[in-house]
Amino acid sequence: MTTTNLRGILLVLPATVWLLVFSVAPVILLITMSFWTSSIFGTTTDFTLDNYRVILDDPIYFKVLAQTIRISATVTLISLIVSYPMAYFIATRPSATKALFLVLLFLPFWSSYVVRTFVWLPMLGRTGLVNTILMKLGIINAPLDWLLYNEGATHVALVYVYTLFMTLPIYLSLDKLDPKLIEAAADLGAGPWRTFRRVILPLSMPGVLSGCVMVFLLACGAYVTPQLLGGTSGIMFGNIIAPQYTVTNNWALGCALSVVLILVVSFCLIILGRKVRLNDVFIGG
Amino acid sequence: MSSIASAENTMKTSSFSLRRTALMVYAAAFYAFLYVPILLLVALSFNDSQITGLPFKAFTLRWYVQVFNSTDMLLAIGSSVVLGILSAFIATTLALLLALGFRHEFPLKGLLMKIILMPVLIPGIVGGVIYLIFFGYGQIPFGLWTTALPVHITWVLPFAFLTLFPRMHGLDRSLEEAAADLGARPSTVFFRIILPIIKPGVVATTMFAFTLSFDEFIRTLFAIGSQRTVPVHLWSLLSDQMAPFLPAVGVIIMMISMIVSLIGFSLSARSNNSIGSY
């Protein structure tokens, strides 16, 4: 028994050491540096609470944070509504065609989200597909300018980029569903809507929660999508963290902002995911 | 495998076929939402026009010629491919050892699981920032092999573990126990029993790991210094201006990841079947 234990420890040791150095240590440094002092001369280890004070004092940070959570929550909700019927569709395919529909679902997500975000420029731009079609149909006379560079564009693209992370866990939980339960509900006289609400939906709840956690988390950390499509009104928290490093060189403030984002996201996830164990999010949905 | 399709068939309600049709139409619309932007990108990559947009003027290959004649672009593709291969191999090896270890009991297993998931759970932008300060503070020179490689390995590792772990867990222990009873050493058991069974799964995981690395952007952006992977190169081009060859760059990136993923997916599907038959 003790030799088995030792073997287990030896096997996990390389990856554990790796993760302690390259995952845990950087996060500890992040938290530590959020209490340091940044100035034009660089960042020094002088302890200060000023970074957090700045965040609390300047209403812009709270505003963008609230906007980030609002956008992420809306994107999560839209993804859920859009993805659930799709997951149901794939789960109810006969096994011969199921793999095909799954591959069709996966294929667009097998490429960088930079590309998947970028495609929305020619979709929504002045000479883009949407404007061209609307003009061809005679619905509008001049191209619409407001399709891009605002919150709406950010929403559409975030749903597009992350919706697989909603569809997949819901599909997995629907696929595991015992068909006898649905038959039983029908035999007992439950209509389709009632069967859905009382049997299918509750049993697919773990998948729904996993999907919500994943999409919300991914959306909260977004940087590329709002930067490229959001314009000035559609910015998210990532877009005020990055300039602390690329523009103003205020590392300590950037760290404090990052810590705030981690705390707020964790808090939201605890509320949202009280019923879902994080391991379940990844293993088997 | 049972599916709820058969149960649906037994629900003979009058509105059944109507709901079925509605679901079909919905699925078609969903796939259109997924594919129209991609097809548009492909079309624009062949469009002989100085602006990235419609109308489609004439067919041309010149944007592809331009991309493949650009040293920066070729260098970025080369860097991304080598980085992807290296991080896929290293991360899959680490993850395989980890998954093997997780079949045993050891102290703090629950805590280790949380540590493994950490790189995935940290919001994307913060995932980039921590490496900028970590390597910056440690005065490690930023570059492909000094900083981007460890970042990619760390990013890919949890996903590799999460795809390997269920396969390892579902493995029938009696084969190994039989081999051990017959006097096989642990290393022999691994190379002669476990590895042949899980090999397709490991290959599939390595390919997924490659595409995860190949497509990674935000962490790389902060960790790579002045060098370029393909997504970072595309980003710097995008931030500059909308150049007419950008759709071609996008299509090339997409093709590389999709082909590798598709191979990985079919291998993985095959390995699932073979494990099921054991």
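## Where the two chains meet

Two residues are said to be in contact here if their C-beta atoms, placed from the backbone, lie within 7 Å. In this predicted model, that rule picks out a meeting of two helices across the chains: Trp251(A), Gly254(A), Cys255(A), Ser258(A), Leu261(A) and Ile262(A) in helix 16 of chain A touch Val126(B), Val129(B) and Ile133(B) in helix 6 of chain B. Sorted by class, the residues of this contact are 7 nonpolar and 2 polar, with no charged residues.

Two packed helices are described by the angle between their axes and the distance between the axes. For helix 16 of chain A, which covers residues 251-272, and helix 6 of chain B, which covers residues 124-137, the angle is about 145° and the axes lie 10 Å apart, while the crossing of helix 16 of chain A and helix 6 of chain B is left-handed.

Taking the chains as wholes, 83 residues of chain A are in contact with 81 residues of chain B. On the side of chain A that touches chain B, the element that gives the most is helix 1 of chain A (residues 2-33), with 21 residues. That side of chain A is made up of 60 nonpolar, 19 polar and 4 charged residues.

## A helix pair within chain A

Inside chain A, helix 3 (residues 59-91) packs with helix 12 (residues 205-220) at an angle of about 140°, and their axes are 9 Å apart. Because of that angle, helix 3 of chain A counts as oblique to helix 12 of chain A. The crossing of helix 3 of chain A with helix 12 of chain A is right-handed.

The residues that helix 3 of chain A brings to this contact include Ile71(A), Val75(A) and Leu80(A), and those from helix 12 of chain A include Val208(A), Val215(A) and Phe216(A). By class, the contact of helix 3 of chain A with helix 12 of chain A holds 10 nonpolar and 6 polar residues, and no charged ones.

## A bent helix in chain B and its partner

Helix 9 of chain B (residues 186-215) has 30 residues and spans only 37 Å between its end C-alpha atoms, whereas a straight helix of that many residues would span 44 Å. Where does helix 9 of chain B bend? The bend, of about 60°, is at Leu195(B), and a proline, Pro196(B), follows within four residues.

Helix 7 of chain B (residues 144-169) packs with helix 9 of chain B at an angle of about 155°, with their axes 9 Å apart, and so helix 7 of chain B is roughly antiparallel to helix 9 of chain B. Their crossing is right-handed. Among the residues that meet are Trp155(B) and Phe159(B) in helix 7 of chain B, and Ile198(B) and Phe208(B) in helix 9 of chain B. The contact of helix 7 of chain B with helix 9 of chain B divides into 10 nonpolar, 5 polar and 1 charged.

Definitions and conventions. Residues are numbered from 1 along each chain as its sequence is written. Chains are lettered from A and ligands numbered from 1 in the order in which they are written. This is a predicted model: local features need pLDDT of at least 70, side-chain atom pairs count only at pLDDT 80 or more; totals for chains, interfaces and linings use all residues. Axes are lines fitted to C-alpha atoms, for helices over the stretch in contact, and angles run from 0 to 180 degrees between N-to-C directions. A crossing is left-handed if the near helix is turned anticlockwise from the far one by less than a right angle, and right-handed if clockwise. Ala, Val, Leu, Ile, Met, Phe, Trp, Tyr, Cys and Pro count as nonpolar, Asp, Glu, Lys and Arg as charged, and the others, Gly among them, as polar. The expected span of a helix is 1.5 Å times one less than its number of residues. The bend at a residue is the angle between axes fitted to the seven residues ending there and the seven starting there. Angles under 35 degrees count as roughly parallel, over 145 as roughly antiparallel, 65 to 115 as roughly perpendicular and the rest as oblique.
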